[in-house]
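Trainee: Got a minute to walk me through this one?
Mentor: Sure, pull it up and ask away.

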Amino acid sequence: MSAIPAPGPTADGGALGAVRRGWRALTWYVTGVLGESDYQRYVAHLRRVHPDAAVPSVREFWRDRYAAQDANPGARCC
């Protein structure tokens, strides 16, 4: 005979753990859509592939990125 688990907190956090996991997933998605992780990814790329290159500041990174988008809009409608 197997025991039925009791309701309430569990080792994985139960309902609170589910809310935390959901919040982390939502935060990950929103920061990805807004591009907040792009700078960190770019810096990691520079350090891995071009270790001697100077790392731009966050402000310089976004200024250059927006300038490149304006110069070559690609598939944007406006």
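Mentor: One term before we start: a helix here is a DSSP run of at least four residues, numbered from the N terminus. Keep in mind that this is a predicted model.

Trainee: Okay, so how many helices and strands does the chain have?
Mentor: Three helices and zero strands. Reading from the N terminus, you get α-α-α.

Trainee: What comes right after H1?
Mentor: Gly35 follows H1, and its phi is positive, near 85°.

Trainee: And what end-to-end distance should H1 have?
Mentor: H1 covers residues 14-34, so 21 residues at 1.5 Å each should span 30 Å. The end C-alpha atoms of H1 are 30 Å apart, so that agrees.

Trainee: New topic: how do H2 and H3 cross?
Mentor: The axes of H2 (residues 38-49) and H3 (residues 58-71) come within 11 Å and cross at roughly 100°. Angles of 65 to 115 degrees count as roughly perpendicular, so that's what H2 and H3 are to each other.

Trainee: Which residues make the contact?
Mentor: H2 brings Asp38, Tyr39 and Tyr42, while H3 brings Val58, Phe61, Trp62 and Arg65. Five of the contact residues are nonpolar, two are charged and none is polar.

Trainee: How much of the chain is buried?
Mentor: 12% of its 78 residues. The chain exposes about 6,900 Å², with 62% of that supplied by carbon and sulfur atoms.

Terms used: Residues numbered from 1 in each chain as written. Predicted model: local features only at pLDDT ≥ 70, side-chain atom pairs only at ≥ 80, totals over all residues. Heavy atoms only, no water. Helix = DSSP H or I, 4+ residues; strand = E, 2+ residues; numbered from the N terminus. Buried < 20%, exposed > 50% of the residue type's maximum accessible area, 1.4 Å probe, protein only. Areas by Shrake-Rupley, 256 points an atom, 1.4 Å probe, with all protein chains shown as cover. Expected span 1.5 Å × (residues − 1). Axes fitted to C-alpha atoms, helices over the stretch in contact; angles between N-to-C directions. Parallel < 35°, antiparallel > 145°, perpendicular 65-115°, else oblique. Contact = heavy atoms within 4.5 Å. Nonpolar A, V, L, I, M, F, W, Y, C, P; charged D, E, K, R; others polar.
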